[in-house]
Amino acid sequence: MRAKPEYRDRDETEVAVLDALADRRDEGMTIFELRSQTEENIDRIEDALAALKADGLIEVEDNGERTVILPGEGVVGESLPDEEESILDQIRKRLPL
């Protein structure tokens, strides 16, 4: 999954965060999971999260055990295959292991 096209003109880190969240839109991600997914340093991720939160593009939930970040309503677009991903890679992803 990816963020909708209208959100792709944002800062590179913000787009990376939105794309990572789109992949786990139902369960959300912790800041440490975002760090490993985006390969950005924690300061850049925190700045991106602050900007995205201010614009209403993410939601933060605290369930008592952990705090997770979720994409905001309407931020995630339809699933599009990666341009760099081959047809064979796309098929492999869909096959159960």
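Trainee: Which residues does Leu-34 touch, not counting residues up to four places away in sequence?

Mentor: In this predicted model, Leu-34 touches Val-17, Ala-20, Leu-21, Met-29, Glu-39, Ile-45, Leu-49 and Ile-69, once residues up to four places away in sequence are set aside. A pair is called a contact when heavy atoms lie within 4.5 Å. Leu-34 also appears among the residues with the most contacts inside the largest nonpolar core, together with Val-17, Leu-18, Leu-21, Leu-49 and Ile-58. That core has 16 residues, and the elements that give two or more residues to it are α1 (12-23) and α3 (42-54).

Trainee: Why is Ile-69, one of the residues that Leu-34 touches, called buried?

Mentor: The relative accessible area of Ile-69 is 7%, and buried means under 20%, so Ile-69 counts as buried. Ile-69 lies in strand β2, and beyond its neighbours within four places in sequence it is in contact with Leu-21, Gly-28, Met-29, Thr-30, Ile-31, Leu-34, Leu-49, Ile-58, Glu-59 and Val-60.

Trainee: How many residues of strand β2 are buried?

Mentor: Four of the five residues in β2 (residues 67-71) are buried, and the strand is therefore described as mostly covered. For the protein as a whole, buried residues make up 34% of the 97 residues.

Trainee: What makes Glu-39, another residue that Leu-34 touches, count as exposed or buried?

Mentor: Its relative accessibility is 69%, and exposed means over 50%, so Glu-39 counts as exposed. Glu-39 lies in the loop between α2 and α3, and it has a positive phi of about 60° although it is not a glycine.

Trainee: How do you know how α1 is oriented relative to α2?

Mentor: The axes of α1 and helix α2 (residues 31-38) come within 10 Å and cross at roughly 110°. Angles of 65 to 115 degrees count as roughly perpendicular, and therefore α1 is roughly perpendicular to α2. In this contact, Ala-16, Val-17, Ala-20 and Leu-21 in α1 meet Leu-34, Gln-37 and Thr-38 in α2, and these residues divide into five nonpolar, two polar and no charged.

Trainee: What term describes α1 relative to α3, and what makes it apply?

Mentor: Here the axes come within 9 Å and cross at roughly 80°, which falls in the range from 65 to 115 degrees, so α1 is roughly perpendicular to α3. Thr-13, Glu-14, Val-17 and Leu-18 in α1 meet Arg-44, Ile-45, Ala-48, Leu-49, Ala-51 and Leu-52 in α3. By class, this contact has seven nonpolar, one polar and two charged residues.

Trainee: How do you know that β1 and β2 pair, and in which direction do they run?

Mentor: Five bridges join strand β1 (residues 58-62) to β2, and at least two bridges are needed for strands to pair, so β1 and β2 count as paired, and they run antiparallel. Ile-58 stands opposite Pro-71 in β2. The two strands form a hairpin with four residues between them, and Gly-64 in the turn has a positive phi of about 95°.

Trainee: Which pattern does the protein follow when it is read along the sequence?

Mentor: The pattern is α-α-α-β-β-α, which agrees with a secondary structure of four helices and two strands.

Conventions: Residues numbered from 1 in each chain as written. Predicted model: local features only at pLDDT ≥ 70, side-chain atom pairs only at ≥ 80, totals over all residues. Heavy atoms only, no water. Buried < 20%, exposed > 50% of the residue type's maximum accessible area, 1.4 Å probe, protein only. Core = buried A, V, L, I, M, F, W, Y, C linked by side-chain atoms within 4.5 Å. Axes fitted to C-alpha atoms, helices over the stretch in contact; angles between N-to-C directions. Parallel < 35°, antiparallel > 145°, perpendicular 65-115°, else oblique. Nonpolar A, V, L, I, M, F, W, Y, C, P; charged D, E, K, R; others polar.
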